[in-house]
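Me: I am new to this structure and would like to learn how to read its features. Where should we begin?

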Amino acid sequence: MSSCLCGKTARVATTKKRELDLSDFPPGTVTEYTTLVCLACIFDIFTRQLGLAPRTAFSEVKRHAPTIEELTSRQAMRPYFDSDEKNPHCPFCGSAKRWLARFDTYCIEGSRTTDAARRALIKKLPKADEQFLVIEKKSNSRAVFFDWLDTLGRNLELNDESWLVDATRMYLERRERKTNWDEVFEDLRAVRHSSRLTEGWELDGGRLFLAPPLYSEALLIQYLISRSHAHGGLTLEGRLTLMDLIRRLRYSGYLDELGITEREPGEVFEKLIDHLASTHEWSGVRAPANRGSDRLTAAKKKAKTATKKGARKSSKSHKGKSAPPEPEVAVTESVKLHYVVDRRDFLEKVKSVYASYAG
């Protein structure tokens, strides 16, 4: 559990048992945020500054529904604050734990792999007293990708190089969500590049061999996570600068496979980011290595058809030549995020605080 880049206490949800059963959600599709609020500060505003009676203040506070920005923003604003302490105190008025209420927020990515589990979860939530709030927010696959990447980086111990295997696992979990990666990584010692596989992965003893495209993307994810931690980015191939990384990806054929022909490092890097962030359904992105991407626009399909017709007319002149791969069409898709806000602790603490004021 650690703070994501938005400044909130956040973690990528795993299948461990929690208050809410999240075991039906694929790894990496649910992010949890924990935010504290000081009820002493709130009641003081209503009773002392606004002059309301404790009962009226209780009714107003009980109806309070925080916004998503208040629960997940980079800097918590009073009366909200973040703390990893076991017995936190309000940084504004010094109130002890019994005056503090906790909001647990679960952000679920809307997709084919999560929709059924999300509907089942929401159906089981208690409806009385608005103990849970369900809020929907529109986003896009690029923003979702970077949010996932930021949270992942904050959950890894970058001073221990074992994070490289952990990051590879989380990337694979997000990319191939139906695979039992717990079993694959149970006794894993190393992740290696495979010169034999053209796609997919293979487990050999305590080593996991990745096909060149998978291995290249794993290096790219590792670089993105660690590039701000120190000079260059730490990967399974050692610490790499952007030039080193692009040179390796070009030599492995990964750039050619994606149809990236740009030579300027910044442009190549942007194309790579566009590829990784082009869709939140990574499991549907990669086609067999000899086919390229299936994500083709209608115009692109027509162009391929026209090319085939022209090839029949002049087959002799093109004999022995292979056409260069067409650039992949990166599509930033709209994504719906579903926030489930747990207000149970808040409602219980509001009653307790009201009893203190009323008494």
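Reply: Begin with the aromatic rings, and keep in mind that this is a predicted model. One aromatic cluster is formed by Tyr-80, Phe-103 and Phe-346.

Me: How many aromatic pairs are there by this rule?

Reply: Rings pair if their centres lie within 6.5 Å. The count here comes to 9 aromatic pairs. One of them joins Phe-145 and Phe-146, with 5.4 Å centre to centre and 65 degrees between the planes, an edge-to-face arrangement.

Me: Is Phe-145 buried or exposed?

Reply: Buried means under 20% relative accessible area. Phe-145 has 2%, so it is buried. Phe-146, at 25%, counts as partly exposed.

Me: What are the angle and the distance for the rings of Trp-181 and Trp-201?

Reply: Their planes stand at 45 degrees and their centres are 5.0 Å apart, so this pair is tilted. Trp-181 belongs to helix 7 and Trp-201 to strand 8, so the pair ties together parts 20 residues apart in sequence. Trp-181 is buried at 3% relative accessibility, whereas Trp-201 is partly exposed at 28%.

Me: At what angle do helix 9 and helix 11 pack?

Reply: Angles of 65 to 115 degrees count as roughly perpendicular. Helix 9 (residues 242–251) and helix 11 (residues 265–277) pack at about 65 degrees, and their axes are 10 Å apart. That makes helix 9 roughly perpendicular to helix 11. The crossing is left-handed.

Me: Which residues meet there?

Reply: Helix 9 brings Leu-242, Met-243, Ile-246, Leu-249 and Arg-250, which meet Pro-265, Val-268, Phe-269 and Leu-272 of helix 11. By class, this contact has 8 nonpolar residues, 1 charged and no polar ones.

Technical notes: Residues are numbered from 1 along each chain as its sequence is written. This is a predicted model: local features need pLDDT of at least 70, side-chain atom pairs count only at pLDDT 80 or more; totals for chains, interfaces and linings use all residues. Side-chain values use heavy atoms; hydrogens and water are left out. Axes are lines fitted to C-alpha atoms, for helices over the stretch in contact, and angles run from 0 to 180 degrees between N-to-C directions. Helices (H or I, at least four residues) and strands (E, at least two) are DSSP runs, numbered from the N terminus. Angles under 35 degrees count as roughly parallel, over 145 as roughly antiparallel, 65 to 115 as roughly perpendicular and the rest as oblique. A crossing is left-handed if the near helix is turned anticlockwise from the far one by less than a right angle, and right-handed if clockwise. Contact means heavy atoms within 4.5 Å. Ala, Val, Leu, Ile, Met, Phe, Trp, Tyr, Cys and Pro count as nonpolar, Asp, Glu, Lys and Arg as charged, and the others, Gly among them, as polar. Rings of Phe, Tyr and Trp (its six-membered ring) pair if their centres lie within 6.5 Å; planes under 30 degrees apart count as stacked, over 60 as edge-to-face and the rest as tilted. Buried means under 20% relative accessible area, exposed over 50%, partly exposed in between (1.4 Å probe, protein chains only).
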